[in-house]
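This explanation goes through the internal spaces of a structure, then a helix contact, and then a pocket. Please keep the structure open while reading.

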Amino acid sequence: MNETKRGFIQLHLSVLLAGFTGLFGRLITLNEVDIVWYRMLFTTLILLVFTGLPRVGWRKLLQLSGCGALLGVHWILFYGSIKASNVSIGVICFSLIGFFTALFEPLILGEKRFSWMELLFSLITVAGVFCIFSFDARYRYGIMIGVVSSAVCALYAICNKRVSRGLRSRTVLMYQMSGGLVAVSFIIPLYLFFFPSSQPVVVLPEGSNLWFMLCHALFCTVGMYLLQIQALKRLSAFTVNLTYNLEPCYTIILAFLLFGEGRELNFSFYLGIALIVLSVLLQSLRVFKKSKHSTNRLSES
């Protein structure tokens, strides 16, 4: 199995696990800042048991912690979007991550030129989100928060690709979660100042919330991000982020089954979903074609 195929298998497994993230955001009744803080805490404790504290330089530690802070901000905004709208809307806004990556990746990494083809695929996704955006004015506040969340997540994935080079995936995730936990502890009061919560803050999870948080940390954080970090070593940040546009499809199907959200949606919503899936398929075909062409050239030489 070549590296590209291995990367796509790891990527799609991580996307499948990510599909449950929005559901946990709905099932867990805590405030969005509590969900993020405990998610990072439980993930750090789980990783500490399995990885210990691998030695890294101070500069690398700060870089990994910075990535963790970006991830924490993304999560807070993501769950805030779900709380302000619903699961389907929150995860659909995440689809804009490919568009933001197409804009940010050439500027930040400087390893490739700006790609008009990638921008075209991203604009198909944007068109899909606009179809969804128009379907109900009640959810526009949640959509706006979700758009900002996807931009922050694009920055996280791009920076993560750079700082994780040469390190084991578990080491990267360990220091991102622990450093992000510290950063989020300072960010949360600022967030609550601008976005006051109607729910209690600093609540200890118990009962079903505790079990949901533990499952969320183990499967949808440790498992998902280990696979994502490994995929990023074999694929571009744009390909990874665009493929994550499929996450809403998995989440929405589950949300339909568990929460009956299909009753709230109309034709423009389903048209938007179709456009998003189309953009992912086109980019996947493009990457496989380029990989096959490169393999053929190497075999000929």
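The model is predicted. A convenient place to start is the lining of the largest cavity, to which helix H4 (58–84), helix H8 (140–163) and helix H10 (208–232) each supply at least two residues. Of the contributors, H4 gives the most, with four residues. The volume of this cavity is about 140 Å³. Its lining consists of 15 residues, and those nearest the centre are His74, Phe94, Met224, Tyr225 and Glu247. By class, the lining has 10 nonpolar, three polar and two charged residues.

The count of cavities of 30 Å³ or more comes to two. The second largest has a volume of about 40 Å³. Around this second cavity are Phe94, Ile97, Cys153, Tyr156, Ala157, Gln228, Val240, Asn241 and Tyr244. Phe94 thus appears in both linings, as one of the residues nearest the centre of the largest cavity and as part of the wall of the second. H8 and helix H11 (237–243) each supply at least two residues to the lining of the second largest cavity, and H8 gives the most, with three. Seven of the lining residues are nonpolar and two are polar, with no charged residue.

H10, a contributor to the lining of the largest cavity, also packs against another helix. The axes of helix H3 (residues 32–51) and H10 come within 9 Å and cross at roughly 65°, and the crossing is right-handed. On the H3 side the contact is made by Ile35, Tyr38, Arg39, Phe42, Thr43, Ile46 and Leu47. On the H10 side it involves Leu210, Met213, Leu214, His216, Ala217, Leu218, Cys220, Thr221, Val222, Met224 and Tyr225. This contact comprises 14 nonpolar residues, three polar and one charged. Met224 and Tyr225 take part in this contact and are also among the residues nearest the centre of the largest cavity.

The remaining topic is an open space. The second largest pocket holds about 160 Å³. Of its 13 lining residues, Glu32, Tyr191, Phe195, Pro196 and Ser197 are the closest to its centre. H4 and H8 are the elements that give two or more residues to this lining, and the largest share, three residues, comes from H4. The pocket lining divides into six nonpolar, five polar and two charged residues. H4 and H8 therefore recur: each supplies at least two residues to the lining of the largest cavity as well, where helices are DSSP runs.

Conventions
Residues are numbered from 1 along each chain as its sequence is written. This is a predicted model: local features need pLDDT of at least 70, side-chain atom pairs count only at pLDDT 80 or more; totals for chains, interfaces and linings use all residues. Side-chain values use heavy atoms; hydrogens and water are left out. On a 1 Å grid over the protein atoms alone, a cavity is a set of points where a 1.4 Å probe fits but cannot get out, and a pocket is an open set with protein on both sides within 12 Å along at least five of seven lines; lining residues have an atom within 4 Å of a point. Grid points are joined across faces, edges and corners, and a volume is the space filled by probe spheres set on the points. Ala, Val, Leu, Ile, Met, Phe, Trp, Tyr, Cys and Pro count as nonpolar, Asp, Glu, Lys and Arg as charged, and the others, Gly among them, as polar. Axes are lines fitted to C-alpha atoms, for helices over the stretch in contact, and angles run from 0 to 180 degrees between N-to-C directions. A crossing is left-handed if the near helix is turned anticlockwise from the far one by less than a right angle, and right-handed if clockwise. Contact means heavy atoms within 4.5 Å.
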